[in-house]
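Biologist: Could you take a close look at a single part of this model for me, and set it against the chain as a whole? I would like one connected account rather than a list.

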Amino acid sequence: MSKFRREDAPPTSQHSKQDSAFLSNGKQAVLQALEMMLSAHRPACLPSNPADYMVDYLFEQPQPGESIRALPSGAFVTPYRDRMISLCRKFMALDDFDQRAVLAYREDGIFWRGDSIEFMGLIATEKSKGTKADLRRAGVDALKALVARGAA
């Protein structure tokens, strides 16, 4: 037997599948590409390690279908890396106000996908409305308050 015998991998959960998709896209390759883009001009609103910040916090983590794939021609398709580079380019093209708006929306739990700031505002408005159950509960509470005051 060879000492390099390959063992079958144990079954993985959805979370670890996403982790393996992230690793198979080459996080280091993505970070290097972003660092090269940001080396000429780092936006003032980003921390001292902007590439890490973008990969780990600002942009969405890799999705299950974003792993590296080989084409019949022998070339490789890298959807996650391509998405990250595209988003970084778009972010760099924004003015300072819009860059800060993207960061503020991210602090509210909204990922930026390259959309306009106006569209992100619409997403934030919808998110702030809450779930249907929250709205129903608020309506019932308002009605109870009116009944308590004798207005209804």
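Modeller: Two residues are in contact when heavy atoms of theirs lie within 4.5 Å. Counted in that way, and taking the contacts in the chain with a separation of 6 or more, residues 24 or more positions apart account for 54% of them. The model is a predicted one, and the part I will look at closely is helix α5, which spans residues 96-107, together with the helices that pack against it.

Some background on the chain helps first. The chain has 7 helices and 2 strands, and from the N terminus on these elements follow the order α-α-α-β-β-α-α-α-α. Of the 152 residues in the chain, 25% are buried, while the accessible surface comes to about 10,500 Å², with 57% of that area belonging to carbon and sulfur atoms.

Two packed helices are described by the angle between their axes and the distance between the axes. For helix α5 and helix α6, the latter made up of residues 117-129, the axes come within 11 Å and cross at roughly 20°. Angles under 35 degrees count as roughly parallel, and α5 and α6 are therefore roughly parallel to each other. The crossing in which α5 passes α6 is left-handed. On the α5 side the contact is made by Asp98, Ala101, Val102 and Tyr105, and on the α6 side by Ile117, Met120, Gly121 and Ala124. By class, the residues of this contact divide into 6 nonpolar, 1 polar and 1 charged.

Helix α5 also packs with helix α3, residues 50-58, and here the angle is about 40° with the axes 12 Å apart; that makes α3 oblique to α5. Tyr53, Tyr57 and Leu58 of α3 meet Val102, Leu103, Arg106 and Glu107 of α5 in this contact, whose residues comprise 5 nonpolar, no polar and 2 charged. Val102 is thus listed in the contact with α6 and again in the contact with α3.

Within α5 itself, Gln99 deserves attention. This residue lies in helix α5, and since buried means under 20% relative accessible area, its 5% relative accessibility is why Gln99 counts as buried. When residues up to four places away in sequence are not counted, Gln99 touches Pro43, Cys45, Phe91, Met92 and Leu94.

In the partner helix α3 one finds Met54, which at 0% relative accessibility likewise counts as buried. Its contacts, leaving aside neighbours within four places in sequence, are with Leu34, Leu38, Leu46, Phe59, Met84, Cys88 and Phe91. Phe91 is therefore a residue that appears among the contacts of Met54 and also among those of Gln99, as the contact cut-off of 4.5 Å defines them. As for Met54 and Met84, they stand 30 residues apart along the chain, and their C-alpha atoms are separated by 8.4 Å.

Helix α4, residues 79-93, offers a contrast in Arg89, which is exposed, with a relative accessible area of 55%. Arg89 and Leu34 are 55 residues apart in sequence, yet their C-alpha atoms are 9.1 Å apart in space; Leu34 is also one of the residues in contact with Met54.

Definitions and conventions. Residues numbered from 1 in each chain as written. Predicted model: local features only at pLDDT ≥ 70, side-chain atom pairs only at ≥ 80, totals over all residues. Heavy atoms only, no water. Axes fitted to C-alpha atoms, helices over the stretch in contact; angles between N-to-C directions. Helix = DSSP H or I, 4+ residues; strand = E, 2+ residues; numbered from the N terminus. Parallel < 35°, antiparallel > 145°, perpendicular 65-115°, else oblique. Left-handed = near helix turned anticlockwise from the far one by under 90°. Nonpolar A, V, L, I, M, F, W, Y, C, P; charged D, E, K, R; others polar. Buried < 20%, exposed > 50% of the residue type's maximum accessible area, 1.4 Å probe, protein only. Areas by Shrake-Rupley, 256 points an atom, 1.4 Å probe, with all protein chains shown as cover.
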